[in-house]
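Hi,

Here is the structure I promised to pass on. Have a look at it first, then read my notes below.

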Amino acid sequence: MGATFQQARPVRHPTAKGVTLVFAQVLPVMAIVALFPAIPKLFAHFGGWPHAGLLVPMIVTIPSLCAALFAPAAGWIADRFGRRPAFIGGIALYVVAGLTPLVVDDLILIVASRAVLGLADAFAITISSALIGDYFGDQRYRWVAWTGAATSIAGTVLIAAGGILADISWRGPFAIYALAVPLLLMAIAFIDEPVSDDSGERPGKPAGFPWAAAFSIGSVTLIASIIYYVEPLNIATILADRGAGSSTQVGLIQAATSLAYIAGAFLYRHLHGRSIGALLGIAGALIGAGMIVIGLTTSYHGAVAGATVQQLGGGMVIPALLAWGQARLPFDQRGRGMGIWATSFFAGAFLCPPILSAIARSVGGLAPAILTMGAIALIFAALVHFSMGRRHDATVA
């Protein structure tokens, strides 16, 4: 099943390739968080439009939905027609779609451009994930760890930049997508078509698809994603309820706890040789313990402590799952397989809020719901540790 991939020939410009691919992993974050501070300005500008209450939030949410829907198709195209042209084409599409709101003033067209941006996201994250496995083989752990750190740092910086630009104009945050232009130039300069280790052939005639491996990767990723997103989507509310202060103070606290996410990414890098069961067991235990503290505490200091522990585990999850998928999927189907991985991860982000809301209605509030999800995370950690901790096909590196 292609459990480990070794590049057949030396990789040219390995550092430049790695930086380019990590940069591409930031694009889905850029697609969403840069606009968070602009939501009030968008409502103020488009509030008179029919159905503005539905359409304005879609400006923020629809890229993730489209990325989830189209990631497998993006991966299939990359496997069938080549990863380099699909990757470059996806980034070029991202530039055009991302900058479109700078020159149009029609809410429907802006929402449509955001949907196209999500399609471009699907190409960027799916193919960059596959290429990390293609280029770096058993050294992939170095770059997936940097992916975790980069997305965390980018999220914090982009929210701040989006706020500054939103104060200038509702269009301001859309200028951030110009950052994809240097990425496009880097992709053209440094990304070449990978070559399989065993056949020496370029992608073009994929073998039978490994559905069992894809189902295993997708289902575990979906559950891990749902669990992971509980804290990022709800900690601001908990902090405010526990008396953390103004929105600015809450934002600063969240930024501080995100440093633990970066530490978690590098903890994964140190532990990468362990099985996926062991890695997810450790990460799940940290996430679960952090959420239990958040659910039980009555002070914002306790919530900060719990969020820090949760972020430490969260920083391990994405790199571990990425590397596992790259390791298990064969070369000629890695693009499509990583598309299924991306769909599962984005689907987790969509399913988390309604699941947590349903639990909150059953147990009497947000804090008890987070406590319940913490217990579920601990159960998940134990299950994956004991069921996948020693399997030969569950090795990440």
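Start with Arg334 and Asp134: these two form a salt bridge, and their closest N and O atoms are 2.5 Å apart. The pair links distant parts of the chain, with Arg334 in helix H12 (residues 334–363) and Asp134 in helix H5, 200 residues apart. Both Arg334 and Asp134 are buried. One thing to keep in mind while you click around: this is a predicted model.

If salt bridges are new to you, the idea is simple: side chains of opposite charge can pair when their charged atoms come close.

Asp134 has another partner too. Arg83 forms a salt bridge with Asp134, and here the closest N and O atoms are 2.3 Å apart. This pair also links distant parts of the chain: Arg83 sits in helix H4 (residues 83–99) and Asp134 in helix H5 (residues 107–136), 51 residues apart. Like Asp134, Arg83 is buried.

So which residues end up in one network through shared salt-bridge partners? They are Asp79, Arg83, Asp134 and Arg334. Try showing those four side chains together and you can follow the links yourself.

In total, the count comes to five salt bridges. Another of them pairs Arg12 with Asp192, with the closest N and O atoms 3.1 Å apart. Arg12 lies in the segment before helix H1 (14–33), and Asp192 is in the loop between helix H7 (180–190) and helix H8 (211–241), so this salt bridge ties together parts that are 180 residues apart in sequence.

Are the two ends of that pair buried or exposed? Arg12 has a relative accessible area of 53%, so Arg12 is exposed, since the cut-off for that is over 50%. Asp192 comes out at 17% relative accessibility, and because buried means under 20%, Asp192 counts as buried.

Now for something without charges. On the surface, Leu65, Leu69, Phe70 and Phe350 form a nonpolar patch, and together they have about 360 Å² of accessible area. Which helix gives the largest share of this patch? That is helix H3 (residues 52–81), which contributes three residues.

Phe70 is a good one to zoom in on, and you will find it in helix H3. Its relative accessibility is 35%, which lies between the 20% and 50% cut-offs, so Phe70 counts as partly exposed.

Happy browsing!

How values were computed:
Residues numbered from 1 in each chain as written. Predicted model: local features only at pLDDT ≥ 70, side-chain atom pairs only at ≥ 80, totals over all residues. Heavy atoms only, no water. Helix = DSSP H or I, 4+ residues; strand = E, 2+ residues; numbered from the N terminus. Buried < 20%, exposed > 50% of the residue type's maximum accessible area, 1.4 Å probe, protein only. Patch = residues over 30% accessible without salt bridge, like charges linked within 9 Å, V, L, I, M, F, W, Y side chains within 5 Å. Areas by Shrake-Rupley, 256 points an atom, 1.4 Å probe, with all protein chains shown as cover.
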